[in-house]
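Colleague: I have a new model open on my screen and would like your help with one part of it. Could you take a close look at the spot I point to, and then walk me outward from there?

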Amino acid sequence: MSSNKKIVVLISGSGSNLQALIDAEKRGELGGKITLVVSNKKSAYGLTRAAAANIPTYVQLLKDYRTAGKTREDFDRDLAHHIQDTHAPDLVVLAGWMHILSPAFIDCFASRIINLHPALPGELDGAHAIDRAYEEFKAGKRSRTGIMVHHVIPEVDKGAPIMTQEIPCVADDSLEDLEARIHAAEHQILPKAVRAVLDAME
């Protein structure tokens, strides 16, 4: 059954999208079980959210690798091996994970990694997508932005889309207004995308 599918979630910050996944699992709507939450930041509030839901957590810091003279690829490879060896997930979900993963990680979970990105396919790839969308909107170059959940490949935000949703830019929007509208939509689309990917594995 899909409810036996194992999910590992990678986060770097507050974990509001992680919370949406936790809530969906509690409602029986996720299609799997979150078995581990990983962060590359000790202070990430998402770790507190995971602990409150009795989900194991793991923190791995890039600065420790740099201090030891190791590379980002070493970091990625070790993280992938830890996740695979301890949890063997059916799906890895990047939910606000602010570290570009190299093939050293991606190749370990081919076709089993998905990412949430606050822009539509082919638009505003990479970091600060909401800020850039807002700047273009204020400059009269954009009337809408969007979000997508996509498969992860080495090229940043270029993997095949799983689900997308347009988000309107409204005349009197502040940046905070647009961010709030985007985040509310993210909390809806990410659990649905996870469910769809896991159901397709049946």
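Modeller: Happy to. Let us begin with L124, which is buried, with a relative accessible area of 10%. Please keep in mind that this is a predicted model.

Where does L124 sit? Its place is in the loop between β5 (113-117) and α6. The backbone is worth a look here too, as the phi of L124 is near 55°, a positive value in a residue other than glycine. For background, most residues other than glycine have a negative phi.

A second residue invites the same kind of look. D157 is not a glycine either, yet it has a positive phi of about 60°. You will find D157 in the loop between β6 (144-151) and β7 (161-168). Is D157 buried or exposed? With a relative accessible area of 9%, D157 is buried, because buried means under 20%.

Now back to the helix that follows the loop of L124. Helix α6 covers residues 129-138, and both Y134 and F137 lie in it. These two are three residues apart, about one turn of the helix. Y134 has a relative accessible area of 15% and is buried, and F137, at 14% relative accessibility, counts as buried as well.

That brings us to the aromatic rings, of which the structure holds three pairs. Y134 and F137 form one of them, a tilted pair with 6.2 Å centre to centre and 55° between the planes. It is called tilted because over 60 degrees would be needed for edge-to-face and under 30 for stacked. Another pair is made by F105 and F109, also tilted, with 5.2 Å centre to centre and 45° between the planes. Both F105 and F109 are buried.

You may also want to know about the cysteines. How many disulfides are there? The count comes to zero, taking a disulfide as a pair of cysteine sulfur atoms within 2.5 Å. As for how two of the cysteines are placed, C108 is partly exposed, with a relative accessible area of 28%, whereas C169 counts as buried at 11% relative accessibility.

To return to your starting point, L124 joins a buried position with a positive phi, and D157 likewise has a positive phi and is buried. On screen, you could go from the loop of L124 into helix α6 with Y134 and F137, and then visit D157 in the loop between β6 and β7.

Terms used:
Residues are numbered from 1 along each chain as its sequence is written. This is a predicted model: local features need pLDDT of at least 70, side-chain atom pairs count only at pLDDT 80 or more; totals for chains, interfaces and linings use all residues. Side-chain values use heavy atoms; hydrogens and water are left out. Rings of Phe, Tyr and Trp (its six-membered ring) pair if their centres lie within 6.5 Å; planes under 30 degrees apart count as stacked, over 60 as edge-to-face and the rest as tilted. Buried means under 20% relative accessible area, exposed over 50%, partly exposed in between (1.4 Å probe, protein chains only). Helices (H or I, at least four residues) and strands (E, at least two) are DSSP runs, numbered from the N terminus.
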